Amino acid sequence: MSRTGSPDMETLMIGLRVLVSLGAVLALLWWLHRRLSSGPRATKVNPVTVVSKQGIAAKASVVVIDVEGSRLVLGVTEQSVSVLQTTEAPAPAEEFAASMDAALASPTPVRAPVPIAAFNPAQFGQKSPIAGSILSLDTWRQAATTLRRAR
């Protein structure tokens with residue numbers, strides 16, 4: 001006979017010890033994973049940046065990448081990767097400034113806002129249970145009329 005009394009109680013106590021031990025081991029593994037994965041390796045910057053990729057055939061493409069200040073144009077197939085051109089990578093600030101200059105050089109005309117006339121439900125027919133919803137034909141007629149007036 002055991003210390004705890006019955007054989008069923010002894011089995012229950014062993015099962016409880018196993019569960020508590022398993023929980024402690026899993027908690028320790030979770031803590032170690034969080035501790036080790038949040039170090040400097042998690043914030044490491046990728047030295048290769050894919051700028052653009054364009055497919056030119058079923059299994060061939062041209063890829064533009066930036067690597068440590070150099071911009072490479074690569075021809076990529078199933079069998080090989082070939083360097084087509086190498087230049088200095090543009091600085092992001094210069095690229096943004098160039099795009100802003102281009103936008104200011106040819107401004108797009110902006111139309112003055114057109115006031116929207118007040119909604120008149122009688123203008124679009126009788127009221128229905130779905131009046132005013134996107135399912136209502138009257139809603140679409142009103143939108144079309146408003147768009148025609150805005151022109």
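Student: Where does Glu 68 sit?

Tutor: Glu 68 is in the loop between β2 (60-67) and β3 (70-77). Helices (H or I, at least four residues) and strands (E, at least two) are DSSP runs, numbered from the N terminus. This is a predicted model, where local features need pLDDT of at least 70, side-chain atom pairs count only at pLDDT 80 or more, and totals for chains, interfaces and linings use all residues. Residues are numbered from 1 along each chain as its sequence is written, and side-chain values use heavy atoms, leaving out hydrogens and water.

Student: Why is Glu 68 called exposed?

Tutor: Exposed means over 50% relative accessible area, buried under 20%, and partly exposed in between (1.4 Å probe, protein chains only). Glu 68 has 71%, so it counts as exposed.

Student: What makes the phi of Glu 68 worth a look?

Tutor: Most residues other than glycine have a negative phi. The phi of Glu 68 is near 45°, a positive value in a residue that isn't glycine. It belongs to the hairpin of β2 and β3, with two residues between the strands.

Student: How do you know that β2 and β3 pair?

Tutor: Two strands pair if DSSP finds at least two bridges between them. β2 and β3 have eight, running antiparallel, so they pass. Val 62, for instance, stands opposite Gly 75 in β3. Gly 75 also stands opposite Ser 82 in β4.

Student: And why is Asp 66 called buried?

Tutor: Asp 66, in strand β2, has a relative accessible area of 18%. That is under the 20% cut-off, so buried is the right word. Six of the eight residues of β2 are buried too, Asp 66's strand being mostly covered.

Student: What makes the link between Asp 66 and Arg 71 a polar contact?

Tutor: A polar contact is a pair of N or O atoms within 3.5 Å; within protein, one must be able to donate a hydrogen and the other to accept it, and residues adjacent in sequence count only if both atoms are side-chain atoms. The side chains of Asp 66 and Arg 71 are joined at 2.8 Å, so the distance fits.

Student: How do you know that the length of helix α2 agrees with what's expected?

Tutor: The expected span is 1.5 Å times one less than the number of residues. For the 14 residues of α2 (residues 92-105) that should be 20 Å, and the end C-alpha atoms are 20 Å apart, so the two agree. As for cover, the count of buried residues in α2 is zero.
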